[in-house]
Amino acid sequence: MLAIAVSVGTMFAEKVQIGDLYYNLNATEQTAEVTYKSYANYRYNEGWNITTANIPASVTYSGTTYSVTSIGEHAFYACSSLTSVTIPNSVTSIGAYAFKNCSSLTSVTIPNSVTSIGDEAFYGCSSLTSVSIPNSVTSIESAAFADCSSLTSVTIPNSVTSIGDYAFVDCSSLTSIEIPNSVTSIGEWAFSFCSGLTSVTIPNSVTSIGYAAFAYCGSLTSVTIPNSVTSIGERAFGGCNNLETISLGNSLETIAEYAFNGCERIIDIYCYAERVPTVQTSTFDGVSRKAYVWVPANRVRNYKTHEIWGEFDVQAIEADDVNTSTVKIVPTDNSAKIIWPVVEDADTYEITITDQNGNIVCKLVFNSNGLLQSIAFGAPSRNNAPEQTQSTGFRFEVSGLEEGTAYDYTIVAKDVASQTLQTFNGSFKTLGGADAVADINLNAASHKILRNGEVLILRDGKTYSIQGVEVK
């Protein structure tokens, strides 16, 4: 054991080396803080080639035992050879820059004792692949995991209330992230330049989205903004050039300039606000004016006459989509439209369609605004799998089903904890098939023809659909 320097008085012994690590000791409280080896010419830990750091829960120096309660600022800054770290349950805080630019660090387990993670604590840990943040942490500070280019998954617990500025900026391998409903604010540039991020669902607890929070997320295709958000920060989704679908909650009042600047592939904008949100001429700069804006049916005129919203193709979210109290089915020969009711406090709607043998045809998951989040196909139908699924509000239409065939459906509404709130069950039958053909009195002058892939009936010089409707 080596005491490199001793401070004036008896409270601290600076730069005490115990084993491979260095500590600041608090003699009064008998606590120890892991600290850096050296500092000179604006450089920390130069020449320290430590590869493994097993931080003990306590250390003994000169006959006194000290509890290790913190990892101090710059403790392992720029230790490029460090590959693994063990943090004991005695540690309550990880200081700013503690592991910054530890480019070889592949994994770290943060214990439940830690309540704070400082600014840039893991900035530039380019080999770090996953992080599990314990439920003792209440905030993720500025740039805490910035430029962690190999990070593929992050677990953020319900204890976290704020995500700081630049928290996950340039985490290019991060494909998905679940933001818990405890988070109330998302800082500036928090998830910007995450090139692998494909979808974002922001929980109902969030009231503000910071400047450029998701800017330049080039793989982002859909985003759901909850009813709790009243304003979107400037450039929040600017440069997300693959964004196709936006869902805006009913409390939205203002969208700042350049919020969706350069989002040239947007197809659908769902806006549930009855009072037309204030937007700037630059808010949707670069967005095609051929995009659809879906709004409450009783507010279509308000949006259409607005100088900016009116530039888009404004359409109504049908009243049935939100006011129906029962499931409604509208079948055709090879498709079916399903409209379902809104369930209070529902976070997701899981819809499963099965054939009469119990085989899953398709399974879909919709968010709290009735927008499609995922779809999986099962048993083959006429075209091997449903050709397409279109969703608008609390409805969807699936095609590629067998003609004249019965199907069962189950709709399960779940809350944020995945607990079932309500279940709807039923069945429907597509039109056409043998029953429809039998309705036409076929005779010698009648026969089937195939036109553009559709089976038609030719009789007495007239053409009929397989349902018996004359086709001109």
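The largest pocket in this predicted model is lined by 47 residues. Those lying nearest its centre are Thr201, Asp347, Thr348, Asn367 and Ser368. In volume, the largest pocket comes to about 1,200 Å³. Sorted by class, its lining splits into 23 nonpolar, 17 polar and 7 charged residues. Several elements chip in with at least two lining residues each: the strands β19 (199-201), β21 (222-225), β31 (348-355) and β32 (360-367), plus α2 (319-323). As for the probe-based view of such spaces, rolling a probe the size of a water molecule over the atoms shows where empty space is left.

Just outside β31 sits a residue with a slightly odd backbone. Aspartate 345 belongs to the loop between β30 (335-339) and β31, and its phi is positive, about 70°, although aspartate 345 is not a glycine. With a relative accessible area of 62%, aspartate 345 is exposed, because anything over 50% gets that label. Tyrosine 97 plays a similar trick: its phi is also positive, at about 65°, and tyrosine 97 is not a glycine either. The loop holding tyrosine 97 runs between β11 (93-94) and β12 (107-109). Here the relative accessible area is 25%, so tyrosine 97 counts as partly exposed.

Zooming out, the protein has 3 helices and 41 strands. Of its 472 residues, 48% count as buried. Its accessible surface adds up to about 21,000 Å², with 44% of that belonging to carbon and sulfur atoms. Taking contacts between residues at least 6 apart in sequence, 38% join residues at least 24 apart.

On the packing side, the largest nonpolar core has 100 residues, and Phe76, Phe99, Phe168 and Phe214 are the ones with the most contacts inside it. Strand β3 (residues 21-26) gives the largest share of this core, 4 residues. Apart from this core lies another one, of 23 residues, including Val343, Val361, Phe424 and Phe428. Back in the largest core, phenylalanine 214 has quite a list of partners once residues up to four places away in sequence are set aside. Phenylalanine 214 touches Ile179, Ile186, Phe191, Ser192, Leu197, Val200, Ile202, Ile209, Ala236, Phe237 and Cys240.

Two strand residues round off the picture. Threonine 31 lies in strand β4 (residues 31-35) and has a relative accessible area of 18%, so threonine 31 is buried, the cut-off being under 20%. Beyond its neighbours within four places in sequence, threonine 31 is in contact with Asn24, Leu25, Asn26, Tyr66, Ser67 and Thr69.

Isoleucine 317, for its part, is found in strand β28 (residues 313-317). At 4% relative accessibility, isoleucine 317 is buried as well. Its contacts, again leaving aside neighbours within four places in sequence, are Tyr272, Trp294, Val295 and Ala297. Along the chain, isoleucine 317 and arginine 395 are 78 residues apart, while in space their C-alpha atoms are 9.8 Å apart.

Conventions
Residues are numbered from 1 along each chain as its sequence is written. This is a predicted model: local features need pLDDT of at least 70, side-chain atom pairs count only at pLDDT 80 or more; totals for chains, interfaces and linings use all residues. Side-chain values use heavy atoms; hydrogens and water are left out. Buried means under 20% relative accessible area, exposed over 50%, partly exposed in between (1.4 Å probe, protein chains only). Contact means heavy atoms within 4.5 Å. On a 1 Å grid over the protein atoms alone, a cavity is a set of points where a 1.4 Å probe fits but cannot get out, and a pocket is an open set with protein on both sides within 12 Å along at least five of seven lines; lining residues have an atom within 4 Å of a point. Grid points are joined across faces, edges and corners, and a volume is the space filled by probe spheres set on the points. Ala, Val, Leu, Ile, Met, Phe, Trp, Tyr, Cys and Pro count as nonpolar, Asp, Glu, Lys and Arg as charged, and the others, Gly among them, as polar. A nonpolar core is a set of buried Ala, Val, Leu, Ile, Met, Phe, Trp, Tyr and Cys residues joined through side-chain atoms within 4.5 Å. Accessible areas come from the Shrake-Rupley method with a 1.4 Å probe; for residues, only the protein chains shown count as cover.
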